[in-house]
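Subject: Handover of a structure and the findings made in it

Dear colleague,

Please find below the structure that I am handing over to you. I would be grateful if you kept it open while reading the notes that come after it.

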Amino acid sequence: MSGHSKWNNIKRKKEKTDAQKAKLFTKVGREIAVAVREGGGDPNSNGRLRDLIAKAKSLNVPNDNINRIIKRAEGGEKDDYESITYEGYGPSGTAVMVETLTDNRNRTAANMRHYFDKYGASLGQSGSVAFQFSQKGIILIEGENLDEEKLMEDAFDAGADDFDIDDGMAELTCEPPKVDAVAAALREKGYNVTSAEAEFVASSTVSLSSGEDLKRMGQLLDHLEEDDDVQDVWHNLENADDLP
């Protein structure tokens, strides 16, 4: 799989320190709370919640934590989060999109400007880099000894458009509106679906050859991902495995 794949992003998150993992728990907790308020606390009837629970488990969030978040949200705990997407250019013109979920847009905007300015990047206007990305449904299936031919048949039967398989992980793509239905169909066939979301995927990628540019890009991504308001960061860097 390519360096900018969803699986690569998840592996990078799994390798974080315990302190950074606590931040990841907070982020996915916000998403779960919003999903419960919008669609109820039963994952059997709330596809978004079901997929977020799978995402939380893939990041090793304890079941007790997940259940507490759901119960609090069902109990009417009020947090007025709004979703805001920021766009900009990283070192040497790499395209970056940042999805946030915030209860204070002024704080979040100030933090985004600070991170981009500090690491040789520039925050742009809405639409400045979005045209370089398209939304796709990305579904991850994890399991030992996955049968590639059977998975291909089952994936296409479920409505997937394409798939890639490597090292016990399969990454399937589909149209964004189909992601919940495709994931549900594959779960019914017994597959371990660990993530199912609409993602921003770069239409073309760039590589950074300068060690200084790679360092600054790595620092920018680290600070963005550590911010409590940031839910996801998307970029078009091809050689992400070379980041320090």
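The following paragraphs set out what was found, topic by topic. Please bear in mind that this is a predicted model.

**Salt bridges**

Side chains of opposite charge can pair when their charged atoms come close. In this model the count of salt bridges comes to 13. Three of them are described here.

The side chains of Arg-48 and Glu-197 form a salt bridge, with 3.7 Å from N to O. This pair links distant parts of the chain, since Arg-48 is in helix H3 and Glu-197 is in strand S7 (residues 193–202), 149 residues apart. Arg-48 is partly exposed, with a relative accessible area of 33%, whereas Glu-197 is buried at 4%.

A second salt bridge joins the side chains of Arg-107 and Asp-229, with an N to O distance of 2.9 Å. This pair also links distant parts of the chain: Arg-107 belongs to helix H5 (residues 105–118), and Asp-229 lies in the loop between helix H8 (211–226) and strand S8 (230–235), 122 residues apart. Arg-107 is partly exposed, with a relative accessible area of 33%, and Asp-229 is buried, with a value of 3%.

The third salt bridge is between Lys-150 and Asp-154, whose closest N and O atoms are 2.7 Å apart. Both residues are in helix H6 (residues 148–158), and because they are four residues apart there, about one helical turn separates them. Lys-150 counts as partly exposed at 44% relative accessibility, while Asp-154 is buried at 5% relative accessible area. Elsewhere, salt bridges that share partners join Glu-31, Arg-48, Lys-55, Glu-197 and Asp-232 into one network.

**A buried acidic residue without a salt bridge**

Which side chain of opposite charge is nearest to Glu-87, and how far away is it? It is Arg-105, at 13 Å; Glu-87 is buried and has no salt bridge. A salt bridge requires the nitrogen and oxygen atoms to be within 4 Å, so a distance of 13 Å does not qualify.

Glu-87 is in strand S1 (residues 82–89). Its side chain reaches the backbone nitrogen of Ser-128 at 3.0 Å. A polar atom of the Glu-87 side chain also lies 2.9 Å from the backbone nitrogen of Ala-130. Leaving aside residues up to four places away in sequence, Glu-87 touches ten residues' worth of neighbours that include Val-96, Met-97, Leu-123, Gln-125 and Val-129.

**Two packed helices**

Two packed helices are described by the angle between their axes and the distance between the axes. Helix H3 (residues 47–58) packs against helix H7 (residues 179–188) at an angle of about 65 degrees, and their axes are 10 Å apart. The crossing of H3 and H7 is left-handed. On the H3 side, Gly-47, Arg-48, Arg-50, Asp-51 and Ala-54 take part, and they meet Asp-180, Ala-183, Ala-184 and Arg-187 of H7.

**A threonine in strand S6**

Thr-173 is located in strand S6 (residues 169–174). Is this residue buried or exposed? Thr-173 is buried, because its relative accessible area of 19% is under the 20% limit. The C-alpha atoms of Thr-173 and Asp-161 are 5.7 Å apart, although twelve residues separate the two along the chain. Apart from residues up to four places away in sequence, Thr-173 touches Gly-137, Ile-138, Ala-160, Asp-161 and Asp-162.

With kind regards

Definitions and conventions:
Residues are numbered from 1 along each chain as its sequence is written. This is a predicted model: local features need pLDDT of at least 70, side-chain atom pairs count only at pLDDT 80 or more; totals for chains, interfaces and linings use all residues. Side-chain values use heavy atoms; hydrogens and water are left out. Helices (H or I, at least four residues) and strands (E, at least two) are DSSP runs, numbered from the N terminus. Buried means under 20% relative accessible area, exposed over 50%, partly exposed in between (1.4 Å probe, protein chains only). Lys and Arg count as positive and Asp and Glu as negative; His and the chain ends are not counted. A polar contact is a pair of N or O atoms within 3.5 Å; within protein, one must be able to donate a hydrogen and the other to accept it, and residues adjacent in sequence count only if both atoms are side-chain atoms. Contact means heavy atoms within 4.5 Å. Axes are lines fitted to C-alpha atoms, for helices over the stretch in contact, and angles run from 0 to 180 degrees between N-to-C directions. A crossing is left-handed if the near helix is turned anticlockwise from the far one by less than a right angle, and right-handed if clockwise.
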